[in-house]
Amino acid sequence: MIDQERVREMTKLAAFEQHEGKQYKKAVRYYASDFVGMHLLKGFISGTAVFGICFGLWGICNMEELIAGLGSMDLIAFGTNVLVKYIFFLILYLAAVAVYASVYHAAGKKNMKRYYRRLKRLGRLYDEQEGRAAPKRHRRDV
């Protein structure tokens, strides 16, 4: 006879494993600080690349003005201005990455705890059914 409660639990566990479980298992393998640090490193690299691409596109769009003003432009002030904007962008971007990574790690930890509780519950359901189906064997003292 099929136990409906066990089937429900197994269905929920299988759905979690297929969708969210793989991602959250990767997140929970690390301590929160290591997980956030790893994302900050990735964020630094991708943020630098994004800023470089945006700066390059801005340079291409304003090429005429840049070439016309190149002789009279203060290159040190221009470079300092770009560097300040880069640092400001990077600080904002890395702050957002840190918040995202810490929230994601906390959610992963919470969902994995729920997953393990369901696994324990499923194990108890199996044990209860085995207990009802067969009498418990007691060890005889010799």
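## A walk along the helices

Let us start at Lys110, which sits in helix 4, the helix covering residues 75-133. Please keep in mind along the way that this is a predicted model. Lys110 has a relative accessibility of 54% and therefore counts as exposed, since the cut-off for that label is over 50%. This lysine has company: together with Lys109, Lys113, Arg114 and Arg117, Lys110 belongs to a patch of positive charge on the surface.

Stay in helix 4 for one more stop, because Arg124 lies there too. Arg124 comes out at 48% relative accessibility, so its label is partly exposed. Where does Arg124 stand relative to Gln4 in space? The two are separated by 120 residues in sequence, yet their C-alpha atoms are 14 Å apart.

Now try the opposite kind of pair, beginning at Ala15 in helix 1, which runs over residues 4-28. Ala15 has 32% relative accessibility and so counts as partly exposed. Its partner for this comparison is Ser33, 18 residues away in sequence, and here the C-alpha to C-alpha distance is 29 Å.

From here we can move on to helix 2, residues 32-61. Does its length match expectation, or depart from it? With 30 residues at 1.5 Å a residue, helix 2 should span 44 Å, and its end C-alpha atoms lie 42 Å apart, so the two values agree. The expected figure is reached by multiplying 1.5 Å by one less than the number of residues, which is why it is 44 Å.

Which residues of helix 2 are buried? They are Phe35, Val36, Gly43, Gly47, Phe51 and Gly59, and buried here stands for under 20% relative accessible area. Ile53 is also in helix 2, but this isoleucine has a relative accessible area of 55% and is therefore exposed.

Ile53 leads us to the last feature, a nonpolar patch on the surface. Ile53, Leu57, Ile60, Met63 and Ile67 make up this patch, with an area of about 520 Å². Two helices each contribute at least two of its residues: helix 2 and helix 3, the latter spanning residues 63-68. Helix 2 gives the largest share, with three residues. As you look at the spacing of such residues, it helps to recall that an α-helix has 3.6 residues a turn, so residues three or four places apart point the same way.

Definitions and conventions
Residues numbered from 1 in each chain as written. Predicted model: local features only at pLDDT ≥ 70, side-chain atom pairs only at ≥ 80, totals over all residues. Heavy atoms only, no water. Patch = residues over 30% accessible without salt bridge, like charges linked within 9 Å, V, L, I, M, F, W, Y side chains within 5 Å. Areas by Shrake-Rupley, 256 points an atom, 1.4 Å probe, with all protein chains shown as cover. Salt bridge = Lys/Arg side-chain N within 4 Å of Asp/Glu carboxyl O. Lys, Arg positive; Asp, Glu negative; His and termini not counted. Charge placed at Lys NZ, Arg CZ, Asp CG, Glu CD. Helix = DSSP H or I, 4+ residues; strand = E, 2+ residues; numbered from the N terminus. Buried < 20%, exposed > 50% of the residue type's maximum accessible area, 1.4 Å probe, protein only.
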